[in-house]
Amino acid sequence: MSSIAERALHTRAARSEEALRRSFIDNLFYITGRSLNSASPVDLYTALAHTVRDRMLERFINTAEKYKQSNARTLCYFSAEFLLGPHLGNNILNLGLYDNLSLALREMGLDLETLLQQEQEPGLGNGGLGRLAACYLDSLATLELPAIGYGIRYEFGLFDQVIKDGWQVEVTDAWLREGNPWELPNRQRRYPVRLGGHTEPYIDDQERARVRWVAGATVYGVAFDTPILGYGVFNVNLLRLWKAEARDSFDFQAFNAGDYYGAVDEMVEAENLTKVLYPNDEPEVGKELRLKQQYFFVSCSLQDMVRMVLQDLDELGRFAEKFVAQLNDTHPAIAVAELLRLLVDEHGMVWERAWQITRSCFAYTNHTLLPEALETWPLDLFQRILPRHLEIIYAINQHFLDEVRMRFIGDEQRLMRMSLIAEGPVRRVRMAHLAAAGSFAINGVAALHSSLLKETVMRDFFELWPEKFSNKTNGVTPRRFIALANRPLAELIETTIDGDWLRNLESLKRLEPYVEDAGFRARWREVKLAAKRKLSDHIGKTLDIGVDPASLFDIQAKRIHEYKRQHLNLLHVISLYCRLKNSPNLEVTPRTFIFGGKAAPGYHMAKLIIKLIHAVAEVVNRDPQVNHTLRVVFVPDFNVQNAQFIYPAADLSEQISTAGKEASGTGNMKFSMNGALTIGTLDGANVEIREAVGEENFFLFGLTAAEVQERLNAGYQPWPIVANDPELRHALDLIDAGLFSHGNREMFTALTGSLRGHDPFLVCADFRAYLECQDQVGEQYRDTQHWTRMSILNVARIGKFSSDRAIREYAEEIWKVVPVSVR
């Protein structure tokens, strides 16, 4: 490197206050073409983002070179979602630049916190699955583990949620509107992806029977690379996302012939492939697009991996030495068939060797116990889009079922249950079965979930391959969800305990002795009150609703779904409202009920629950007899950015799903990390959180997973429960009477009718236990000192739920990937 280049690199990587100020001014001028006086807030954000990115890129390049030199095994994390959240704050934190940048900006009359709010959140994920993937990327880099995240560069995210008259309205999430300064387009990494057409048998030069796939169409995947920075280390890993494009963006001959639309048809059709996250898959075209998306990104990713193996090792037989690939749920499961196709069809490997390599490469994480959520595809659709892969799946299935036959002689029912093809009026390809058959490891994401997985949806596979199964309880990154989201709490922790607690969250246990320190408890309460005031201000500015920060902040923020039981929470709100109306002098702990979450666009019942939340809020918040004691708020467009307001402010975390339905949950961990107490069932990771923080610091209610199943097996009927519980009956009657719908008695009948007649998620069965537990919550919250002790212990004992712990377990027990330090 020349001395001029070295000086330029040094200037761009320098970390002093003055160097940061100069870089910011340079980037404002040369990147945005603006001066400090003429710049818009977006211009200022863009300049700041490039200033921070400059200080990442040297590490990014050095990391890639170090990994290549070490020839270490690399983890490839295949996920249809990466819900990253805003990059700027996280990268400033991981670089350790917060103080110097704040001072540099302040000298120019700018405020760092204001600029952080300008970032458009990347619309690359929906909920827990994508956020987990993002936490894992953070931990992989922090733990210095060689890794690549592979996914899709969606042009539009799921949707922005707007509330109109209490109803959810979906608005286009145009997150790339102002560009994305964090990604690096990499057109050298461009791969063809074939779709449709037919297959032809042929004999190759060595007289071997082969199959040729004659595609109906070909699109190309182009890489967009995002550096993922570790905390407190020099490692910067790679997130590589694929954008679809046509071979040629413009058909000049068609244009000259006057076919102006036809000239760009191929480009438009190709780019539609990565246009939007999770297209509505109710219509056939939606299903087709989703299958194409899944195949597109795994094909590009595997071609990329094949390229690197040939470049570094010159021998595809060593593929599994170079890479191990984790399938984040069933969305990328088609990778099993695609790697086989690449090895056999494109590179001439014999089937047996290719199948051995494939099964040595993939590991599969299951995220659901709901049979209907285990992805399957109609056979005719699959054959139309991926004809060669269907042939490969048939061959895998024959090989696999022969193995089952030898193990379980004469068990025809088991063969039908385990087959990769589901028989019936519409034959379907079972993607979870494909993932299980093609992987060397299968894991659940919480102890209860992994146990139920082996007893229910994956029981047959566990009985065949018990050695494949393990549990890897989810975790979340404390860098984003404590240090970034709750800076005052992080500062209190840092001034109380020494050590690198953000890299070793178990060291929070050293807070426990301070539980009996009155001064520390007072500071703890100040931090919580400041977070509640911050959220109160946000609610006041965005929703024009006044809430009392001194009230108990009772928060349920997660995807809206019947099994997550936001309607159970609402029935408690209505019951409290009725108690206060009937007994105005009743002693009730003042509460602010805060909801947040999105409903899937086609999920009517979930959208009806959102409407009911707003309907109840309208009545409660307007009623002068109760609104000094109760408030109800729905924070729209729940995402990572909004979550950073919400998690720190919670006093009570609602984790009230039907036992046995939630795989793990990660919101429960984020709330608890910020000092919220949990009210919850023994579901998902709640079980382990309760064990960790102490039974006395967790509000438990409800049926267990076994009891839920017993009730359902016995023919559960909710109506006798409703008839015999006056508060439950009265709450449902008030909804039906139109109290919360301006007299419209029909608006919520689908919801109340389901609860009275069927109640698939046992809301009525758990109602009384939930109310009694909530009474305990209110009573204990009034004992400020006791509540503060419980809050401190929740944080002190939450260390197990760091994503660093989860990634260490994956790396040591499944992936066999070792750290490579970059200096």
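This passage describes a helix pair and a pocket in a predicted model. Local features are restricted to pLDDT of at least 70 and side-chain atom pairs to pLDDT 80 or more, whereas totals for chains, interfaces and linings use all residues. Residues are numbered from 1 along each chain as its sequence is written, and side-chain values use heavy atoms, with hydrogens and water left out.

Helix α30 (residues 726-737) packs against helix α31 (residues 749-757) at an angle of about 155°, their axes lying 10 Å apart (helices being DSSP runs of H or I of at least four residues, and strands runs of E of at least two, numbered from the N terminus; axes being lines fitted to C-alpha atoms over the stretch in contact, with angles from 0 to 180 degrees between N-to-C directions). α30 is therefore roughly antiparallel to α31, a term applied to angles over 145 degrees. To the contact (heavy atoms within 4.5 Å), α30 contributes Arg 729, Leu 732, Asp 733, Ile 735 and Asp 736, and α31 contributes Thr 749, Thr 752, Leu 755 and Arg 756.

The second largest pocket encloses about 590 Å³ of space, a pocket being an open set of points on a 1 Å grid, where a 1.4 Å probe fits, with protein on both sides within 12 Å along at least five of seven lines, and lining residues having an atom within 4 Å of a point. Of its 26 lining residues, Ala 64, Ile 148, Leu 238, Arg 240 and Met 308 are the closest to the centre. At least two lining residues each come from α3 (41-70), β2 (147-152), β5 (184-195), β9 (236-245) and α10 (284-312), with α3 supplying the largest share, six residues.

Key. Angles under 35 degrees count as roughly parallel, over 145 as roughly antiparallel, 65 to 115 as roughly perpendicular and the rest as oblique. Grid points are joined across faces, edges and corners, and a volume is the space filled by probe spheres set on the points.
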